[in-house]
Protein chains: 2
Amino acid sequence: MPIFEKARELALIRSSAEVIGWDQETYLPPAAQEYRAAQLAWLSSRAHELATSDAWKADLEAANPGSDPKNNANLRELRREFKRASKLPVDLIARESTATSLAKHAWADARQRSNFPIFAPHFETLLGIAREKAALWGYTGEPYDALLEGYERGTSTAAVAALFDAMKPALRETAANAVEKSASRPASLPPGPYPIKAQQRLNAQIAESIGFDFQAGRIDTTTHPFCSTLGPHDVRLTTRYDEADFTSSLFGVLHEAGHGMYEQGLPASDFGLPSGSAVSLGIHESQSRLWENHVGRSRAFWQRWYPICREIFPQLADFPIDAFLDFLWRAEFSPVRVEADEATYDLHIILRFGLERRLLNGDLSVADVPAAWNESFRDLFGFTPKNDAVGCLQDIHWSMGGLGYFPTYTLGNINSAQLFAAARKDLAIATACDAADYAPLLSWLRKNVHAHGATLDPADLMEHATGKVPATGDYLAHLQSRYL
Amino acid sequence: MPIFEKARELALIRSSAEVIGWDQETYLPPAAQEYRAAQLAWLSSRAHELATSDAWKADLEAANPGSDPKNNANLRELRREFKRASKLPVDLIARESTATSLAKHAWADARQRSNFPIFAPHFETLLGIAREKAALWGYTGEPYDALLEGYERGTSTAAVAALFDAMKPALRETAANAVEKSASRPASLPPGPYPIKAQQRLNAQIAESIGFDFQAGRIDTTTHPFCSTLGPHDVRLTTRYDEADFTSSLFGVLHEAGHGMYEQGLPASDFGLPSGSAVSLGIHESQSRLWENHVGRSRAFWQRWYPICREIFPQLADFPIDAFLDFLWRAEFSPVRVEADEATYDLHIILRFGLERRLLNGDLSVADVPAAWNESFRDLFGFTPKNDAVGCLQDIHWSMGGLGYFPTYTLGNINSAQLFAAARKDLAIATACDAADYAPLLSWLRKNVHAHGATLDPADLMEHATGKVPATGDYLAHLQSRYL
C-alpha cells in the first residue's frame with residue numbers, strides 16, 4: 001500500500017538522522033556541533049513534512065488493508081500516530097522547541113548552582129505547553145493520561161498509580177532491608193586498574209554470548225550509555241569505562257544490549273512499519289532490565305563468567321565469588337536516581353510520578369516543587385537531599401519537556417520480572433539459564449515479545465506472552481528473593 | 001540571494017550524505033550495508049532533485065549579484081555547474097549508475113582472475129557513456145576535454161599533454177637513476193612490531209604539529225586512506241596500520257592531512273558556496289602531495305621527528321637517520337600505481353592518460369587495451385607486467401566511469417612543487433621549514449590557496465599564488481635534487 005511505502009521512506013529519513021545523531025554522540029569533533037545541529041534539523045524537517053503531508057493523509061485514508069491482520073494492525077497504528085500528531089498545531093511544536101532549548105541551558109545552570117528559581121520560569125512554560133498538549137490530545141481520566149499515552153500506549157495514569165501504590169509498602173521494606181544488609185557488604189572491588197582494553201574484550205565476549213549480533217551492531221564509548229538503531233541491521237550500543245570498576249561498563253553493555261537485542265529481534269523486513277518497531281518504552285525497558293538484572297546480576301551468570309574475569313583481572317584472585325555478588329547486590333539510599341541500585345530505584349520513580357501528576361492536575365505549583373520533592377523524598381527514603389542539585393534538579397527530563405516519561409522505567413522493571421518468570425516456566429529455559437546459557441531465553445523473547453513489533457498494545461503483549469497483564473507480583477518476588 | 005540559500009541547503013544534504021558515507025567506511029556493521037545504500041540513495045536523490053529543480057533554475061536566472069566580486073564568482077560558478085549538470089538527461093545518469101554498479105562487480109571479478117574479457121563489455125558500455133557525456137557537454141579540442149573539465153576546470157587535454165610530454169624524458173631519467181640508486185638502500189625498517197597505539201599517538205602529534213585542527217577533525221582507520229568533509233568544521237582523515245612499518249600509516253596521515261588542511265582552510269562561513277569549496281582535484285592533490293612529499297620526506301622534517309620516533313620505537317636506536325631517509329627515498333619500478341614511489345609515480349599517470357585519450361578519440365578499441373597497456377608500460381618502465389591483474393585491470397577508476405580523472409594526480413604533483421618553491425621564496429618561510437616549523441608555510445597556503453575557494457580557475461589560482469601557470473620546472477627540479 002502507498003502509505004506503507006511512505007512509512008518506509010519516513011524510516012529512511014529518521015534512520016539517517018539516527019546515524020548523524022549517533023556520530024554526534026560518539027565521534028564528532030568539538031567545533032562541528034553547530035553545523036551538525038543544522039544537518040539534523042534539515043532531516044527532521046523533511047521527516048515532519050512527509051508525515052504531516054496531504055499525500056500522507058490521503059494515502060492513510062484511502063488505504064484498504066484487506067483481511068491481513070498485520071496490515072490491519074499497521075494501518076491502525078499509523079492512523080493512531082497521525083491522529084495524535086495532527087492534533088498539535090505547528091506553532092505549538094515551534095514554541096516547545098524554543099522553550100526546551102532555553103530550558104536545557106537554564107536547567108544546567110540551575111543544577112550547577114543548585115538554584116531552582118533559575119529553572120522555575122522555564123519549567124512553568126514547559127508545564128503550560130504540556131497541559132496544552134494534553135488538552136489537544138484529549139483524555140478520559142486526567143491530563144497525565146494524554147502524556148503517558150505517548151510513551152506507553154493503552155495504559156492510564158490510574159492504572160499506573162494502582163500498580164505503584166500496591167508496590168510501595170513492599171518496595172520500601174525491601175529497600176530498607178537491602179540497605180541495612182549492605183552495610184556489611186563490600187562497597188568496592190579490589191583496587192584497579194581494570195584496563196579498558198580488557199574490559200572491552202570481556203564486554204564484547206559477554207554481549208555476543210547472550211545473543212547480541214555484532215554482524216548487525218557494535219559497541220562504542222560515550223559519557224552516557226545509550227542504544228540507537230541506525231537501520232534494520234544496525235544497532236549501536238555505547239557504554240562508559242571506569243578503570244577502578246569493570247562492572248560499570250559491563251552493566252552498561254548488558255542494559256543497552258537488552259535494548260539492542262529487542263531492536264535486532266524486530267522483523268527487519270518491516271523496518272519503518274509498526275510491525276517492525278518497538279511498541280513502548282515500558283516494553284523496551286523490560287528488555288534492558290531483564291538482561292541487566294535478571295540475567296546479569298544472577299549467581300548462575302557469574303558462576304560462568306567470574307572465573308573468566310579472574311583470568312583477565314588477576315586482582316580478583318583473592319576476592320571470592322560471594323563477595324563479588326555481594327558487591328553487585330549492594331544497596332544504598334542515594335539521593336540520585338541514576339546512581340540508584342535495583343533495590344531502591346523504583347522509589348525514585350514513584351516520587352517523580354506523584355509530583356508530575358500533581359503538577360499536571362494543578363495540585364502543585366512549580367514554585368513549590370523543591371519543598372514537595374524534599375517532603376516526598378523524606379517520606380520514601382528517610383532523609384532530605386542536601387540540596388536541589390541532587391534533589392528536584394537532578395534529572396534532565398523536565399527540561400526537555402519529558403513529562404509522563406518516568407513511570408516507564410518502573411513499568412519496565414515490572415515487565416522484566418514478569419517476562420523472566422514466564423519464560424522460566426519452560427523447564428528447558430530455566431535449566432539453560434541456570435547454566436548461563438541464554439539462547440533458549442532469547443528465542444522465547446524473540447517469539448513472544450520481539451516478533452510482534454508494535455502490533456499489540458503493551459498490556460496485551462504482556463498478557464499474550466505471560467498470561468496476565470502487567471502486575472507487580474513477579475517483580476516484588478524477585479526483589480524479595482534477592483534482597484531479603 | 002535565494003540561490004545561495006539553496007546552495008547552502010544542498011550542502012546540508014550532501015554533507016549529511018558524507019556523514020553517512022564516512023560511517024559506512026569506518027564503523028558500519030557488515031549486515032547493514034544494504035540499508036545504508038538505501039539511506040545514501042535517498043539523500044542523493046534529494047540533492048539531485050534540489051539542484052535540478054525549476055526553483056533552482058529560476059533563482060539562478062533571477063540572481064543579481066551586484067558588484068561584489070565574491071558574489072559574482074559564486075554566481076558564475078553555480079551557473080557553470082548547473083549548465084553542465086542540466087546537459088545530461090536523467091536517463092543517461094540512470095544508465096551510468098546501473099552500468100557502474102555492474103562494472104564494479106565485473107572489474108573485481110576480472111582483476112581477481114586476471115581476465116580482461118570479463119570486464120571488457122562493461123568498459124565498452126562505460127566508454128560509450130563517457131563519449132555521450134562528452135558530446136552533450138561539448139568541447140573545442142577533443143572529447144577528453146569535456147571529461148577533464150569536470151575534475152580540473154579551465155584546462156585542456158592539449159595543455160595537459162604538453163606538460164606531460166615536456167616532463168617525460170626528465171621523469172624517465174630521474175626514475176631510472178632513482179631505481180638504480182635504490183638497489184643500495186635499505187628496503188625495510190628494523191623489524192617491528194611498531195605498536196599501532198604508538199603509531200596513532202605519533203601520527204596525531206605530527207598531524208597537529210603541521211596544523212591539522214583536531215577541534216574540527218579526527219583520524220580513523222580504514223583499508224584505503226581517505227579524507228572526507230562532513231561539515232565546515234568536520235574533516236575526517238583515515239589511514240591504515242602496518243605493524244612492520246610505522247611510516248605507512250604516517251604517510252597516509254600526512255597525505256590526507258594535506259587534503260584535510262585545505263578543507264579546514266576554506267572559508268567556513270561560505271560552506272556550500274563555490275567560495276567555500278575546493279576548486280579542483282589537481283589543486284586538492286597539490287596540498288596532499290606538498291605535505292606528504294615536500295614536507296614529510298624532507299631531511300629537515302626528520303631531523304625534528306626522528307629522535308622522537310627513536311624514543312617511541314626502541315628498535316630504531318641503531319638505525320641512523322641517513323639510513324632512514326634512504327628508506328623513505330627508495331624507488332623501484334613497480335607495476336602497480338598505488339604502490340609507486342615519488343620517483344616513478346608520474347610514469348603510471350602518463351601511461352593512463354595516453355590510453356584514455358586514445359580510447360575517447362576512437363584510436364584504441366577496448367579489446368586492444370591489454371596489449372596497448374603492456375606496450376606503453378614496456379616503453380616507460382622497461383618491462384611488461386606479469387599479468388593484466390597488475391596491468392590494465394589494477395585501478396578501480398574505469399569501472400566507476402572515472403575517465404579523465406588520472407591526470408589530476410600528476411597535476412597535483414606539479415602544483416605541489418610549484419607552490420612549495422614559491423612559498424620558500426619568502427625567507428622566513430624557508431627558514432622555518434628548515435627548522436621543521438610549518439606554521440608560516442600553512443599561513444601562506446591559507447592565504448594564497450585555501451582562502452580563494454573555487455572563485456579562481458586552478459591555473460589562475462596557481463598564477464595568483466606563484467606568479468606562473470602550472471609548469472613542470474619546480475617539480476622536475478625537486479625530483480632531480482632528491483633523486484639524482
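In chain A, the C-alpha centres of domain 1 and domain 2 sit 27 Å apart. Keep in mind that this is a predicted model. The split puts residues 2-86 of chain A in domain 1 and residues 120-484 of chain A in domain 2.

**Between the domains of chain A**

Where the two domains meet, domain 1 of chain A puts in 18 residues and domain 2 of chain A puts in 16 residues. On the domain 1 side, the elements with at least two residues each in this contact are α1 (2-26) and α4 (69-86) of chain A. The biggest contributor there is α1(A), with 12 residues. Sort that side of domain 1 of chain A by class and you get 8 nonpolar, 4 polar and 6 charged residues.

**Between the chains**

Now for the contact between chain B and chain A: 27 residues come from chain B and 27 residues from chain A. On the chain B side, α1 (2-26), α2 (33-51) and β1 (217-221) of chain B are the elements that give two or more residues. Here α1(B) gives the most, with 7 residues. By class, the side of chain B that touches chain A holds 16 nonpolar, 7 polar and 4 charged residues.

Here are the class counts for the two contact sides.

| Contact side | Nonpolar | Polar | Charged |
|---|---|---|---|
| Domain 1 of chain A, touching domain 2 of chain A | 8 residues | 4 residues | 6 residues |
| Chain B, touching chain A | 16 residues | 7 residues | 4 residues |

How do the copies relate? A turn of 180° with a shift of 0.0 Å along the axis lays chain B on chain A, with an RMSD of 0.0 Å. That is the relation of a two-fold axis. Both copies use the same surface, since 100% of the contact residues of chain B recur in chain A. If you want a spot to look at, Ile20(B) comes closest to the rotation axis among the residues of chain B, at 3.5 Å (C-alpha).

**The nonpolar cores**

The largest nonpolar core has 95 residues, and the members touching the most others are Ile210(A), Ala257(A) and Leu441(A). Helix α14 (residues 345-361) of chain A supplies the largest share of this core, 9 residues. Leaving out residues up to four places away in sequence, Ile210(A) touches Ala257(A), Trp291(A), Val295(A) and Tyr438(A). Another core, of 94 residues, lies apart from the largest one; its members include Leu126(B), Ile210(B), Trp291(B) and Val449(B).

**Strand β3 of chain A**

Why call strand β3 (residues 234-239) of chain A largely enclosed by the rest of the structure? Because 6 of the 6 residues of β3(A) are buried. Cover comes on both faces: Asp234(A), Arg236(A) and Thr238(A) are buried on one side, and Val235(A), Leu237(A) and Thr239(A) are buried on the other.

Two strands pair with β3(A). Strand β1 (residues 217-221) of chain A runs parallel to β3(A), joined by 5 bridges. Thr221(A) has Thr239(A) as its bridge partner in β3(A). Strand β2 (residues 227-231) of chain A runs antiparallel to β3(A), with 4 bridges between them. In that pairing, Cys227(A) bridges to Leu237(A). A hairpin through 2 residues links β2(A) to β3(A).

Terms used
Residues are numbered from 1 along each chain as its sequence is written. Chains are lettered from A and ligands numbered from 1 in the order in which they are written. This is a predicted model: local features need pLDDT of at least 70, side-chain atom pairs count only at pLDDT 80 or more; totals for chains, interfaces and linings use all residues. Two residues are in contact if their C-beta atoms, placed from the backbone, lie within 7 Å. Ala, Val, Leu, Ile, Met, Phe, Trp, Tyr, Cys and Pro count as nonpolar, Asp, Glu, Lys and Arg as charged, and the others, Gly among them, as polar. Copies are superposed by least squares on the C-alpha atoms of residues with pLDDT of at least 70 in both. Domain bounds come from an automatic or database domain assignment. A nonpolar core is a set of buried Ala, Val, Leu, Ile, Met, Phe, Trp, Tyr and Cys residues joined through C-beta atoms within 7 Å. A residue is buried if 20 or more other C-beta atoms lie within 10 Å of its own, exposed if 12 or fewer, and partly exposed in between; C-beta atoms are placed from the backbone. Two strands pair if DSSP finds at least two bridges between them.
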